Amino acid sequence: MADDRTGRNVVRPGSRAVERSSDVEQRQISNEARLIRGVFRAAGLAAGTAVRSGQWAVGTTYEVTREITQAALSGESSADIAERAGAALQSVARNILGVTEGSVREIVSYVPTTNGHPPPQQHVIPGGYVRSSTLDDLRRRGDALLARSADVYFTEDVHPAYDRILDQLAPDEARILRFMALNGPQPSVDVRTNRPLGIGSELVSGDLTSVPEQAGVRYPDRARLYLINLNRLGLLLSSDDPVVLSRYMVLEVQPVVETALKRAGRVPKIVRKSLRLTEFGEDFCHTCFSINGS
C-alpha cells in the first residue's frame with residue numbers, strides 16, 4: 001500500500017501482498033499530482049519574491065497550466081512535465097514579471113536538470129538567501145572553478161559578476177554609470193568645521209556631488225543611496241585626487257553644499273575630492289551599456 005505522504009510502499013498488518021493494477025495506477029496519479037502541486041507551489045513562491053504585490057498576473061497561471069496540460073495529454077513522464085513547467089515559468093518570469101536573466105535563474109533554480117545528476121543541496125537562511133549547505137558543496141564548486149581555469153578550451157567572455165550586478169542596479173544608477181563613463185571623474189567635496197591647525201575639525205557632510213542631478217536621475221531624493229550602492233558594488237569610488245579647480249565653482253553653490261556650509265558654522269572648511277569609476281566599473285560600463293556606439 002502506498003503512503004500518501006512519502007510515496008513509498010508500506011506494508012501494514014492485514015494488507016494483501018499483491019496490489020491490484022488499479023492501485024498502482026492510482027499511486028502513479030497521486031505521485032504526479034503531488035509533483036504538479038509542488039511546481040505550482042514553487043511558482044507561487046517565486047512570484048511572491050519577484051512581484052511586490054505578491055500576486056500572480058492572470059496570464060501567469062494560464063501559461064503554466066497550458067504547458068502542463070500539453071505535457072500530460074501527450075503522455076510525457078513526471079520529470080518531463082516538471083521540466084516543461086520550469087520552462088514555462090522562465091518564460092513567464094521574463095515576459096510578465098520583467099526580471100533579468102540572472103533573476104530568472106535564481107527564481108526557478110528548483111527546476112530539475114536533465115544531466116542525470118541531482119542538484120547540490122541548498123539551505124535557505126533568514127533573509128531569503130540561498131547558500132550551499134555543506135563544506136563538500138563549497139569545495140566541489142571551488143574545485144570546479146580551478147578545473148575551468150586549467151582548461152585551455154574554456155572561454156569566458158565577461159566577468160560572471162556582471163549578471164548579478166545588473167540585477168542589483170536601479171535604472172537611475174545605470175544613468176549615473178553611463179554619465180560617469182562618458183564624462184570621466186567628477187568633482188566632489190567634504191564640508192568640515194574649521195579649527196586651528198585642523199585639530200578637532202569635524203566632518204559635517206562628506207562626498208557631496210551633483211553627479212546624480214547631472215545624470216538626470218528620476219528620483220533625486222535617492223541620489224545619496226544610489227551612490228552608496230554603486231560604491232558597495234565596487235563600481236564607483238571617492239578619491240582624494242581633485243579634478244580641475246574651476247569645476248568646483250559650480251558644485252560649491254549647489255543647495256546641498258550650501259546647506260552643509262551653514263551647518264559647519266563660521267569659516268567652514270571645504271575639502272575638494274573627486275568621484276571616479278573604478279577599473280572594474282569602467283569595464284562593467286563598456287561591457288553592459290551601449291556607449292558611444294560600442
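**Exercise 1. The two sides of helix H11**

Task: In this predicted model, state which residues of H11 are exposed and which are buried, and where the buried ones pack.

Solution.
Step 1. Pro255, Lys262 and Arg263 of H11 are exposed.
Step 2. Val257, Ala260 and Leu261, on the other side, are buried.
Step 3. Viewed along the axis of H11, the buried residues fall within an arc of 105°, so they line one face of the helix.
Step 4. A general rule helps here: an α-helix has 3.6 residues a turn, so residues three or four places apart point the same way.
Step 5. The partners of the buried residues of H11 are S3, S4, H10 and S6.
Step 6. After H11 comes Gly265, with a positive phi near 85°.

**Exercise 2. The order of the strands**

Task: Give the strand order of the open sheet of four strands and name its edge strands.

Solution.
Step 1. The order is S4-S3-S6-S5, and the pairing is antiparallel.
Step 2. S4 and S5 (236–239) each pair on one side only, which makes them the edge strands.
Step 3. From one strand to the next, the twist averages 25°.
Step 4. Seven bridges join S3 and S6 in the antiparallel sense.
Step 5. Ser188 has Lys273 in S6 as its bridge partner, and Arg192 stands opposite Lys269 in S6.
Step 6. S5 and S6 are also paired in the antiparallel sense, over four bridges. Leu236 has Leu277 in S6 as its bridge partner.

**Exercise 3. Helices on the sheet**

Task: Find which strands are touched by helix H9 and which strands helix H7 lies across.

Solution.
Step 1. Helix H7 (residues 171–183) lies across S3, S5 and S6. The angle between H7 and S6 is about 95°.
Step 2. Helix H9 (residues 223–232) packs on the sheet and touches S4, S5 and S6. The direction of H9 makes about 100° with that of S5.

**Exercise 4. A salt-bridge network**

Task: A search of the whole structure finds four salt bridges. Work out which residues are joined into one network by shared partners.

Solution.
Step 1. Start with the pair Asp190 and Lys273, a salt bridge whose closest N and O atoms are 3.1 Å apart. Asp190 is in strand S3 (residues 186–192) and Lys273 in strand S6 (residues 269–277), 83 residues apart.
Step 2. Check the surroundings of this pair: both Asp190 and Lys273 are buried. For Lys273, the relative accessible area is 10%.
Step 3. Look for a further partner of Lys273. Asp207 forms a salt bridge with Lys273, with 2.8 Å between the closest N and O atoms. Asp207 lies in strand S4 (residues 203–208) and Lys273 in strand S6, so this pair ties together parts that are 66 residues apart in sequence.
Step 4. Asp207 has 33% relative accessibility and therefore counts as partly exposed.
Step 5. Another salt bridge joins the side chains of Arg272 and Glu252, at 2.9 Å from N to O. Arg272 is in strand S6, while Glu252 is in the loop between helix H10 (248–251) and helix H11 (255–263), 20 residues apart.
Step 6. Arg272 is partly exposed, at 35% relative accessibility, and Glu252 is buried, at 16%.
Step 7. Through salt bridges that share partners, Asp190, Asp207 and Lys273 form one network.

**Exercise 5. Two cysteines**

Task: Decide whether Cys285 is bonded or too far for a bond with its closest cysteine, and give the number of disulfides.

Solution.
Step 1. Recall what is being sought: a disulfide is a covalent bond between the sulfur atoms of two cysteines.
Step 2. The cut-off for the sulfur atoms is within 2.5 Å.
Step 3. The closest cysteine sulfur to that of Cys285 is in Cys288, 8.0 Å away, which is too far for a bond.
Step 4. From the side of Cys288, the nearest cysteine sulfur is that of Cys285, and Cys288 is in no disulfide.
Step 5. The count is zero disulfides.
Step 6. The accessibility of each cysteine completes the picture. Cys285 is buried, with a relative accessible area of 0%, whereas Cys288 is partly exposed, at 26%.

Technical notes:
Residues numbered from 1 in each chain as written. Predicted model: local features only at pLDDT ≥ 70, side-chain atom pairs only at ≥ 80, totals over all residues. Heavy atoms only, no water. Helix = DSSP H or I, 4+ residues; strand = E, 2+ residues; numbered from the N terminus. Buried < 20%, exposed > 50% of the residue type's maximum accessible area, 1.4 Å probe, protein only. Pairing = 2+ DSSP bridges. Axes fitted to C-alpha atoms, helices over the stretch in contact; angles between N-to-C directions. Contact = heavy atoms within 4.5 Å. Arc of directions from axis to C-beta.
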